[in-house]
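User: I am new to this structure. Please take me through the reasoning behind its labels.

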Amino acid sequence: MEYITLNNGLKMPIVGTGTNTYGKENNEYNAALTKEIPELLSALELGYRSIDAAIMYRNEELVGRVLAESTVPREELFITTKIPAHEEYISSKEATRAAIDNSLKNFQTDYFDLLLIHFPIEDNVQLKNTWEVFEEYYEAGKLKAIGVSNFEKDHLEELKEFAKVKPAVNQIQINLKETNKNLLAVLKEEGITPVAWGPMKAEPHQKEILDEIGESYKKSGAQVLLKYHIQRGVIVIPKSHNRENQASNLDLFDFELSAEEMNRIENL
Ligand SMILES: NC(=O)c1ccc[n+]([C@@H]2O[C@H](COP(=O)([O-])OP(=O)(O)OC[C@H]3O[C@@H](n4cnc5c(N)ncnc54)[C@H](OP(=O)(O)O)[C@@H]3O)[C@@H](O)[C@H]2O)c1
């Protein structure tokens, strides 16, 4: 595994696993919850240590139980979860504190490695209150890093007006369909690490070229795409329900794309 050092010195694994459809019937986002998550167990077995969760996924308690019951010590895990930008969680500081406390309980832990605001909070007072609670828990050591998700440049600027702690990451969609190039440049300038959700998305004609690039390395197009992201300093959290794909998404550290290949993918 390789790591990226966030702007507060915390090291985050450059590859993690998403969980948004884990523990759900037919692996469907909106479906009823099941009782087990074999995919999470196989991810842990294969060596995944960074787990991307969220209250909105409704499966925190299940994901938390699987992690707590696993043989992997807590200190080896990097657990991220997210507070929804919904009234129930952000209407007051008490509501946000209660949400964080409940998530900690779900994961049977006394700290998160990273907590994010899942979507921009449009009301500035609510944004300020929410961030101040994040800072309070950060100062208390219950959050090792704090950040945001799906924030555009304007949202980051609003946060900057009052934030004492700068967001460590912005988790945004980054793939070959949605490159988010301008926002990536802003994040670089601000020292905020990008985390890519939906990193695997690509059009069929793009996949053909990725496969072609992978041939000389004996890697799949999917591996080439993930490697492209991480060589640009983007953390990835691909999600798979398939053990072979999970293994392949971790097998990225024995080849390097050339500058020419990086440009070719960039131009896709
Ligand atoms: N912050 C946000 O607003 C937000 C939004 C969306 C997602 N997320 C997070 O980001 C995570 C990842 O995003 P995502 O789940 O939307 O998309 P993704 O990881 O880009 O794609 C998942 C799809 O790619 C397939 N796949 C994975 N590895 C593959 C491989 N090696 N070869 C071929 N196909 C492969 C999976 O199918 P198989 O199961 O068949 O392998 C699955 O259908 C989520 O789980 C969630 O934790 C965050």
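Analyst: This is a predicted model. Start at the ligand: one of its oxygen atoms lies 3.3 Å from a polar backbone atom of Thr19.

User: What makes the pair at Thr19 a polar contact?

Analyst: A polar contact needs N or O atoms within 3.5 Å. The Thr19 pair is at 3.3 Å, so it counts.

User: How do you know that Ser149 and Asn245 make polar contacts with the ligand?

Analyst: Apply the 3.5 Å limit again. A ligand nitrogen is 2.9 Å from a side-chain N or O atom of Ser149. For Asn245, a ligand oxygen is 2.8 Å from a side-chain N or O atom. Both pairs therefore qualify. As for cover, the ligand alone exposes 900 Å², and the protein buries 76% of that.

User: Why are β7 and β8 called paired strands?

Analyst: Pairing takes at least two bridges. Strands β7 (residues 146-149) and β8 (residues 169-173) have two bridges, so they pair, in the parallel sense. Ser149 stands opposite Gln171 in β8.

User: What makes β3 and β10 edge strands?

Analyst: Each pairs on one side only. They belong to an open sheet of eight strands, in the order β3-β4-β5-β6-β7-β8-β9-β10, with parallel pairing.

User: How do you know that Leu67 is in contact with Phe107?

Analyst: Contact means heavy atoms within 4.5 Å. Phe107 is listed for Leu67, as are Leu40, Leu44, Ile51, Leu77 and Ile79, leaving aside neighbours within four places in sequence. Leu67 and Ile83 have the most contacts inside the largest nonpolar core, which has 68 residues. Helix α5 (residues 124-139) gives the most to this core, with five residues.

Terms used:
Residues are numbered from 1 along each chain as its sequence is written. This is a predicted model: local features need pLDDT of at least 70, side-chain atom pairs count only at pLDDT 80 or more; totals for chains, interfaces and linings use all residues. Side-chain values use heavy atoms; hydrogens and water are left out. A nonpolar core is a set of buried Ala, Val, Leu, Ile, Met, Phe, Trp, Tyr and Cys residues joined through side-chain atoms within 4.5 Å. Buried means under 20% relative accessible area, exposed over 50%, partly exposed in between (1.4 Å probe, protein chains only). Helices (H or I, at least four residues) and strands (E, at least two) are DSSP runs, numbered from the N terminus. A polar contact is a pair of N or O atoms within 3.5 Å; within protein, one must be able to donate a hydrogen and the other to accept it, and residues adjacent in sequence count only if both atoms are side-chain atoms. Accessible areas come from the Shrake-Rupley method with a 1.4 Å probe; for residues, only the protein chains shown count as cover.
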